[in-house]
Structures are given as C-alpha cells and as structure tokens.
Amino acid sequence: MATARKLATYDDLLAYPSEVKTEIFDGEIHTQPSPLPGHGRAQLALGRYVGGPFDGDTQDPDGWWILQEIDVRFDGHNVVRPDVVGWRRARLPDPWGMRPIDVVPDWICEVLSPSTEKVDRVRKQHLYARHGVPYYWLVDPAERVLEAFVLDGAQWRIAGTYDDTALARIPPFDAIELPVGRLFPPLPPS
C-alpha cells in the first residue's frame, strides 16, 4: 500500500532561509533562483510609478497597499510570493506585521524570468483565477512588454498588451498614465 504524500504548508515554507524565494503550489514546495537585474528594475519601477500615486496617498481611504515579495496564503497548500502585489486599503486596513497575508489581493504583477515564465503564465495564472484575484499583470523585461488581464467570471480576459513605447492607462490603475518603457532597463545606444 502506497503512503499518501504529505502536502506542504506554510510551516514547511518557513524552514527555508528568507532570502530563498519559496512558494507552495497544491502542497508542493517550489523554489526559484535569484532574478536577473532587469527583473529587479521592473519591480522597483512598478513600486515608483504605481505605488507612488496609489500607495503613497496615505490620506485616501480608497487607497492601496502596494508591496513587493510578500507571502500571500490562498489556502493551506497554496502560498505565493508575488513580485508586486496590491490590496485596496478598505479590504486590508493594516498589513503591517502580518506574515503571511491571508486576504486575496486585488492586483498581482509577476515579472517574467526565463526560469519562472511557465509558472507565472500557467500555474500562477490558474491559481489566481481560482481564488478570484481581479487583476493580473505580466511584465516581460526581455521582450519589453506588459500584458494586463482582468478576471471575467472564472476566466482571464486580456485588458491590453503594451510595449515599451506605450503611455498607457491600465486597470485597476487607469487613473494614471503608466510609461511602460520606464519599467525596463535603458536600451543601449544605437
């Protein structure tokens, strides 16, 4: 008789060093290598261009918390650490000191890397839809493209695809124009 496989939980994830990006998908531990510099550039730029106007307005009760690399637990066997993630403050009034956060995010952005693209495009996309994340962005530093999705029922609908020349209004942050090219490292001189 075969023994049942033990499904990993957040306690198992805590056994890994904090600097190792470790996530759990359907009870299975998944680790990722360190990202490339273009990945970090995109995260930093999103924090500036999206976080600045939305997270920075601390007086707005309809504001957002925009955070990077925060553990989000969807259920006991699905814990992710999105590259950039946001909650409306009305739904998550006080995230400070919480680890993991058990509130489904209002927006998630994953920055693609060669080692994570398949996971971000398939596994996480299905997981986020299944748990009702309303907005999902994929940023591809290699291709210099941002893809935005809106959850429509249980399926993702493309809200737009933007290259590095775009100045775009992208939901849920369509109150601002996002200079998409600023998410990526500068192009070498021609």
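**Briefing: helix H3, Lys21 and the salt bridges**

The side chains of Lys21 and Asp83 are joined by a polar contact of 2.9 Å (a pair of N or O atoms within 3.5 Å; within protein, one must be able to donate a hydrogen and the other to accept it, and residues adjacent in sequence count only if both atoms are side-chain atoms). This is a predicted model, in which local features need pLDDT of at least 70 and side-chain atom pairs count only at pLDDT 80 or more, while totals for chains, interfaces and linings use all residues. Residues are numbered from 1 along each chain as its sequence is written, and side-chain values use heavy atoms, with hydrogens and water left out.

**Lys21**

- Lys21 is found in strand E1 (helices, H or I, of at least four residues and strands, E, of at least two are DSSP runs, numbered from the N terminus).
- With 11% relative accessibility, Lys21 counts as buried (buried means under 20% relative accessible area, exposed over 50%, partly exposed in between; 1.4 Å probe, protein chains only).
- Leaving aside neighbours within four places in sequence, Lys21 is in contact with residues including His30, Gln32, Glu69, Arg81 and Glu110 (contact means heavy atoms within 4.5 Å).
- Pro82 is another residue in contact with Lys21; the two are 61 residues apart in sequence, and their C-alpha atoms are 9.8 Å apart.

**Helix H3 and its flanks**

- The 14 residues of H3 (residues 117-130) should span 20 Å at 1.5 Å a residue, and the 19 Å between the end C-alpha atoms agrees with this (the expected span is 1.5 Å times one less than the number of residues).
- H3 bends by about 35° at Lys124 (the angle between axes fitted to the seven residues ending there and the seven starting there).
- Lys124 is also one of the buried residues of H3, with Val119, Asp120, Gln125, Leu127, Tyr128 and Ala129.
- Thr116 is found in the loop between strand E7 (107-111) and H3, and counts as buried at 5% relative accessibility.
- Thr116 touches Gln32 and Val111, not counting residues up to four places away in sequence.
- After H3 comes Gly132, with a positive phi near 80°.

**Salt bridges**

- The structure holds 16 salt bridges (a side-chain nitrogen of Lys or Arg within 4 Å of a carboxyl oxygen of Asp or Glu).
- One of them joins Glu23 and Lys124, whose closest N and O atoms are 2.9 Å apart.
- Glu23 lies in strand E1 (residues 21-25) and Lys124 in H3, so this pair ties together parts that are 101 residues apart in sequence.
- Glu23 and Lys124 are both buried, and a network of salt bridges links them with Glu110 and Asp120.
- Asp102 pairs with Arg73 in a salt bridge, with 2.6 Å between the closest N and O atoms.
- Asp102 lies in the loop between E6 and E7 and Arg73 in strand E4, so the pair ties together parts that are 29 residues apart in sequence.
- Asp102 is partly exposed at 45% relative accessible area, and Arg73 is partly exposed at 27%.
- Arg81 and Asp71 form a salt bridge with closest N and O atoms 2.8 Å apart, and both residues are buried.

**Asp140**

- Asp140, found in strand E8 (residues 135-140), is buried yet has no salt bridge.
- The nearest side chain of opposite charge to Asp140 is Arg121, 4.6 Å away (Lys and Arg count as positive and Asp and Glu as negative; His and the chain ends are not counted).
- A polar atom of the Asp140 side chain lies 3.0 Å from the backbone nitrogen of Ala142.
- Not counting residues up to four places away in sequence, Asp140 touches Leu112, Val145 and Phe184.
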